[in-house]
Structures are given as structure tokens and as C-alpha cells.
Amino acid sequence: MVLVTGAAGFIGFHVARALLERGERVVGIDSVNNYYDPALKEARLRILHEHDAFAFERLDICDYDGLARVFGNAAPEKVCHLAAQAGVRYSLTDPFVYQKSNNEGFLNLLECARHARVSNFVFASTSSVYGANTKMPFSEADRTDTPMSLYAATKKANEVTAHAYSRLFGVPCSGLRFFTVYGPWGRPDMALFIFTKAILEGKPVDVFNFGKMKRNFTYVDDIVQGVLLVLDTPRPYEIYNIGNDRTVGLLDFVREIEHCLDARAAMNMLPMQPGDIAATEADIRKIRALGYAPATNVDAGVREFVNWYRQHYHC
Ligand SMILES: NC(=O)c1ccc[n+]([C@@H]2O[C@H](COP(=O)([O-])OP(=O)(O)OC[C@H]3O[C@@H](n4cnc5c(N)ncnc54)[C@H](O)[C@@H]3O)[C@@H](O)[C@H]2O)c1
């Protein structure tokens with residue numbers, strides 16, 4: 001039994017589905033909050049519920065007693081902790097939700113994992129922990145003590161908290177620094193979704209740093225491959241980058257979307273936003289050693305997203 005938090009979320013849904021498809025039993029936890037349209041989360045859950053081996057608990061991870069009950073009933077051997085308040089920009093608007101879900105919620109999960117003596121605790125960190133670092137590509141061995149947003153700071157706190165629990169209580173912990181994940185069922189607050197929606201509605205879209213952003217866009221199926229590899233490889237304490245081979249300029253990414261939609265984007269060119277990082281590039285040699293091999297490039301991945309979007313939203 002694997003406990004997946006954030007199972008109604010973008011990555012959690014894909015991870016839970018992949019685990020079910022390879023024959024595992026999964027208990028999902030999610031508060032199904034309204035940070036973005038809960039209908040999208042409910043639609044993902046409907047797909048997971050097609051599997052008899054899927055059980056779901058609508059629960060806030062800040063509810064320690066609720067979590068302890070789920071651990072007691074389900075007795076998971078492994079935990080994949082993906083629930084969090086995501087998004088860099090929103091952490092400037094509502095810092096307290098990050099403090100609660102990402103710090104308090106994280107500690108609740110670790111405490112439950114410790115008492116349940118799980119064989120592996122895998123959790124989501126982020127490429128944002130590289131913050132003000134300028135040395136590229138970002139390597140796990142680089143220092144990460146210059147976060148540029150509260151979101152990044154909470155994820156860095158998760159990494160060091162997990163280290164303490166690994167040392168103190170022997171909880172095997174692995175943290176995953178995801179690099180800009182995209183694909184079908186993606187998040188409405190992220191660039192691919194925002195651009196696709198705006199182009200289809202004929203509306204202009206804000207482009208920050210005058211488009212001079214570079215991102216290591218990573219297709220969600222590749223992320224899932226990495227997550228499953230790490231879940232299958234318990235270690236006392238590790239941090240892994242999970243990214244792609246290639247970093248792509250934001251405007252090239254937009255061109256791919258335009259190409260798939262056969263339409264042009266109207267762009268409002270704007271300066272850099274506070275909290276943002278201009279470029280990310282992943283050194284993925286460490287996770288490659290586990291067998292990770294990202295297989296989807298941006299043109300194929302964007303097409304998969306656009307096809308899903310048009311079908312899901314009937315447009
Ligand atoms: N998508 C990316 O590009 C990306 C990049 C780096 C890191 N991450 C991290 O990966 C994880 C998954 O991200 P995602 O893109 O799937 O985001 P998401 O917002 O789609 O999924 C997160 C899920 O967690 C749930 N959740 C939030 N707070 C909760 C709480 N207090 N209790 C219970 N459930 C709660 C939400 O309802 C949501 O369904 C997050 O930890 C995120 O920070 C994502």
C-alpha cells in the first residue's frame with residue numbers, strides 16, 4: 001500500500017494512476033482546496049476511482065489526528081508526499097497557507113511516517129530551492145541557502161526537516177526537486193495552461209521578464225518515471241533533481257503552443273516578477289544512475305497537453 005498525498009493534484013494524480021496501473025494499492029489524501037478550480041481535481045479523482053485498489057480520504061494534512069487515523073487504517077508501507085501549497089507567485093499573496101500546508105503539514109506527515117515505520121518517505125521539493133544560484137546546470141551538491149520566495153523557503157525547510165528525521169529516527173527520506181512540470185491534466189496557474197486558454201479565447205497574456213525566461217520543462221510522464229524509481233529505491237537520505245535534458249526559452253515554448261493551436265498569442269511584455277528565477281537548468285546525472293531517462297521533448301509534450309485541453313474543455 002502506498003499513501004499518496006495531493007492525489008487530486010496534477011502530479012499526485014499521475015503518480016497514483018501509474019502506481020495503480022502497475023498493480024499497487026493506493027490510498028490518496030487531498031483536501032481538494034480551491035487554489036484552482038476544484039472541478040479539475042474532482043475529474044482527476046473520478047479517473048482514479050475507476051480502480052478498485054484506490055481509496056481516497058478528503059483530508060487536510062494539517063489535521064494530525066485525521067492523518068494518524070488514515071495511517072492506522074491503511075498501514076501504508078510507503079509514502080509519496082506531494083500535497084503542498086504550490087506556486088511561487090501566490091506565496092507573496094498568502095504566506096500563511098504556505099506555512100500551514102508546507103511546514104506544519106509536512107511535519108505531520110513525517111511524524112505519522114515515523115510512527116508507522118514506513119520503508120520509504122518520498123516528498124516533493126522544487127527547483128526553486130536553487131534561488132539566487134547562477135551556476136548552471138543546478139546540481140544537488142550546490143548550496144541552496146538563497147531562496148527567492150517563501151514557497152522555495154518552505155521546500156528547503158522540508159529538505160532539512162527530513163534530514164533530521166532520517167538521522168534521528170531512521171525514516172528513509174528522499175526529496176525530489178521537480179523542474180517545471182507540464183502535461184495533460186496540468187495546473188491552471190502554470191504557463192502552458194494560461195497560454196493555451198488565452199490563445200483559444202483570443203485574449204492577451206502577461207509575459208514576465210520580457211520573455212527572457214528559460215525553463216527546464218519536464219513532461220509529467222518523465223516525472224512519474226523518476227518518482228516511481230525513487231519510491232522503489234529507499235535510501236537513508238537523498239535529494240534528487242528530476243528534470244529534462246534540455247532547457248527551453250519561454251518564447252520558444254510559446255511558439256510550440258501557437259504551432260499546436262495554429263494561432264498567435266497576444267503578449268503583454270512585462271518586467272520580472274518578485275520571487276521569480278530567470279533560468280533553471282537541471283543536472284540529472286544522479287537520478288539517471290537509478291535508470292531515469294526523460295523521453296518526451298517539448299514539441300511532443302505540448303501537443304499532448306493541447307490535445308487533452310481541447311478534449312477536456314470541449315474547445
Ligand atoms: N508542477 C510543478 O511544476 C512543480 C514543480 C516543483 C515542485 N512541485 C511540487 O510538487 C507537488 C505537486 O505539485 P502539483 O503541480 O501537482 O500541484 P497541485 O496544486 O496540482 O497539487 C497539490 C495538491 O495538494 C492538495 N493540497 C494542498 N494543500 C493541502 C493540504 N493542506 N491538505 C491536503 N491537501 C492539500 C491540493 O488540493 C492539490 O490537489 C507540490 O508539492 C509542489 O510544490 C511542483
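So, which element gives the largest share of the shell around the ligand? Hold that thought for a moment, and let me set the scene. What we have here is a predicted model.

Okay, the overall picture. The protein has ten helices and 13 strands. Its radius of gyration is 19 Å, and the globule rule gives 20 Å for 315 residues, so the protein is as compact as a globular protein of that length. If you lay the C-alpha trace along its principal axes, you get a span of about 55 × 45 × 40 Å. Of those 315 residues, 44% are buried. And have a look at the contacts between residues at least 6 apart in sequence: 82% of them join residues at least 24 apart.

Right, back to the ligand. There are 27 residues around it, and the closest are Gly6, Gly9, Phe10, Ala84 and Ala124. Three elements give two or more residues to that shell: helix 1, which runs 10–21, helix 4, at 95–116, and strand 5, at 120–126. And here's the answer to my opening question: helix 1 has the largest share, with three residues. If you sort the shell by class, you find 13 nonpolar residues, ten polar and four charged.

Now, helix 1 turns up again when we go to the core. The largest nonpolar core has 83 residues, and the ones touching the most other members are Val4, Val15, Ala16, Cys80, Phe121, Val122 and Val227. Helix 1 gives the most to this core, seven residues.

Let's pick one of those, alanine 16. Who does it touch, once we skip the neighbours within four places in sequence? The list for alanine 16 is Val4, Ala7, Val26, Gly28, Leu48 and Phe54. Val4, you'll remember, was among the core residues touching the most other members.

One last stop: phenylalanine 178, which sits in strand 6, residues 173–178. Is phenylalanine 178 buried or exposed? It counts as buried, because it has 25 C-beta neighbours inside 10 Å, and 20 are enough for that label. Again skipping neighbours within four places in sequence, phenylalanine 178 is in contact with Ala124, Thr126, Ser127, Thr218, Ile223 and Ile242. Ala124 we've met already, as one of the closest residues to the ligand. And here's a nice one to find on screen: the C-alpha atoms of phenylalanine 178 and asparagine 241 are separated by 6.3 Å, though the two are 63 residues apart along the chain.

That's my tour, thanks for listening.

Methods. Residues numbered from 1 in each chain as written. Predicted model: local features only at pLDDT ≥ 70, side-chain atom pairs only at ≥ 80, totals over all residues. Near = placed C-beta within 6 Å. Helix = DSSP H or I, 4+ residues; strand = E, 2+ residues; numbered from the N terminus. Nonpolar A, V, L, I, M, F, W, Y, C, P; charged D, E, K, R; others polar. Buried ≥ 20, exposed ≤ 12 C-beta atoms within 10 Å, placed from the backbone. Contact = placed C-beta atoms within 7 Å. Rg over C-alpha atoms; globule rule 2.2 N^0.38 Å. Core = buried A, V, L, I, M, F, W, Y, C linked by C-beta atoms within 7 Å.
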